[in-house]
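Please work through the following exercises with the sequence and the model at hand. Each task is followed by a solution in steps.

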Amino acid sequence: MSQTLNVPNHIGFVLDGNRRWAAANDLPIIEGHREGAVTLEKIASAAFKKGVNVVSVFVFSSENWDRGDKEVKPLLGLINGTVRRYMDSLHNEGIRIVIMGRRDGLRHRILKTIHKAEEKTKDNTKGTLALCFNYGGQQEIIDAVKALVGQGLSQDEINEKALSDQLYHPEIPNIDLLIRTSGEQRISNFMLWQAAYSELLFIKKNWPAFNEADLDKALAEFSRRQRRFGK
């Protein structure tokens, strides 16, 4: 890839289309999610190697609980197993893992995996993989506002920085490029605060079919855009 490209510091992915990919291939839904997990490992690794510092991924939203136990239970098991399986390889590559989202109500085994992954990789400095799990962008902002109220801040003391400091992981920078697969053109409550000035890119491919060539095209498209930040 040309070194003249302006590589985004932070890419956010809304991994859409796992179920559609499974249906198109006459496979159970969980197989679509499983293939999506394989794609995530490949794409995240490729992004870090291309100079991206932060990759955030919408793996399970706070609304996904409504899909029913038949899909949710296997999906939770897959997410838990995927984090455990890739933890060592990401650690060896110097990648830090953080989990963004509410943790109340999560099962002990998932909380244990989250804690282990974050603790094992907390000192790594070659990139950050932020997994948005049991996450909702509106809820994150609400929780941040509640934290400010709890601190007793006056109206004049509440500003952009004060609120940003109360987000789940305030050290995570704003998203530069937000990619959603499967052709849907919405961000679906994903990191609303952090995505305020992100470049949006909607790709027709379902997530399991997304590959490194697609990532290269996305990076090239980002490099062509003129970012004005409202100015």
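The exercises below treat helix packing, enclosed space, open pockets and one loop residue in a predicted model.

**Exercise 1. Packing of α2 against α3**

Determine how helix α2 is oriented relative to α3, and list the residues through which the two helices meet.

Solution.
Step 1. Helix α2 covers residues 29-49, and its axis lies 10 Å from that of α3. The angle between the two helices is about 25 degrees.
Step 2. Angles under 35 degrees count as roughly parallel. Helices α2 and α3 are therefore roughly parallel to each other.
Step 3. The crossing of α2 past α3 is right-handed.
Step 4. On the α2 side, the contact is made by I29, I30, H33, R34, A37, V38 and E41. Their partners in α3 are E71, P74, L75, L78, T82 and Y86.
Step 5. Sorted by class, the residues of this contact comprise 8 nonpolar, 2 polar and 3 charged.

**Exercise 2. Packing of α3 against α4**

Carry out the analysis for α3 and α4.

Solution.
Step 1. The axes of α3 and α4 are 10 Å apart, and the packing angle is about 15 degrees.
Step 2. This angle makes α3 roughly parallel to α4.
Step 3. Helix α3 passes α4 in a left-handed crossing.
Step 4. From α3, the residues in contact are L76, G77, N80, V83, R84, M87, D88 and H91. From α4, they are R109, I110, T113, K116, A117, K120 and T121.
Step 5. The contact of α3 with α4 divides into 5 nonpolar, 5 polar and 5 charged residues.

**Exercise 3. The enclosed cavity**

Find the space sealed inside the model, and describe its lining by element and by residue class.

Solution.
Step 1. There is 1 cavity of 30 Å³ or more in the structure. The largest cavity holds about 80 Å³ of space.
Step 2. Its lining consists of V59, I79, N80, V83, I99, I110, T113, I114, L131 and F133.
Step 3. Two or more lining residues come from each of α3 (69-92), α4 (108-121) and β4 (127-135).
Step 4. The lining of the largest cavity contains 8 nonpolar and 2 polar residues, and no charged ones.
Step 5. Among the cavity-lining residues are N80, V83, I110 and T113; these four also take part in the contact of α3 with α4.

**Exercise 4. The open pockets**

Characterise the largest and the second largest pocket by volume, central residues and lining class.

Solution.
Step 1. The largest pocket has about 750 Å³ of space. Of its 33 lining residues, L15, N18, F58, V59 and F60 lie nearest the centre.
Step 2. Elements that supply two or more residues to this lining are α1 (18-24), α2, β2 (54-61), α3 and β4. The largest share, 8 residues, is given by α3.
Step 3. By class, the lining of the largest pocket has 18 nonpolar, 8 polar and 7 charged residues.
Step 4. The second largest pocket has about 290 Å³ of space. It is lined by 16 residues, with E160, N174, W193, Q194 and A196 nearest its centre.
Step 5. The lining of the second largest pocket is made up of 8 nonpolar, 4 polar and 4 charged residues.
Step 6. V59 belongs to the lining of the largest pocket and also lines the largest cavity.

**Exercise 5. The setting of E184**

Which residues does E184 touch, leaving aside those up to four places away in sequence?

Solution.
Step 1. E184 is placed in the loop between β5 (177-180) and β6 (199-202).
Step 2. Beyond its sequence neighbours, E184 touches D16, R20 and F202.
Step 3. P28 lies 156 residues from E184 along the chain, and the C-alpha atoms of the two are separated by 22 Å.

Key:
Residues numbered from 1 in each chain as written. Predicted model: local features only at pLDDT ≥ 70, side-chain atom pairs only at ≥ 80, totals over all residues. Heavy atoms only, no water. 1 Å grid on protein atoms, 1.4 Å probe; cavity = no way out; pocket = protein on both sides within 12 Å on 5 of 7 lines; lining within 4 Å. Points joined across faces, edges and corners; volume = space filled by probe spheres on them. Nonpolar A, V, L, I, M, F, W, Y, C, P; charged D, E, K, R; others polar. Axes fitted to C-alpha atoms, helices over the stretch in contact; angles between N-to-C directions. Parallel < 35°, antiparallel > 145°, perpendicular 65-115°, else oblique. Left-handed = near helix turned anticlockwise from the far one by under 90°. Contact = heavy atoms within 4.5 Å.
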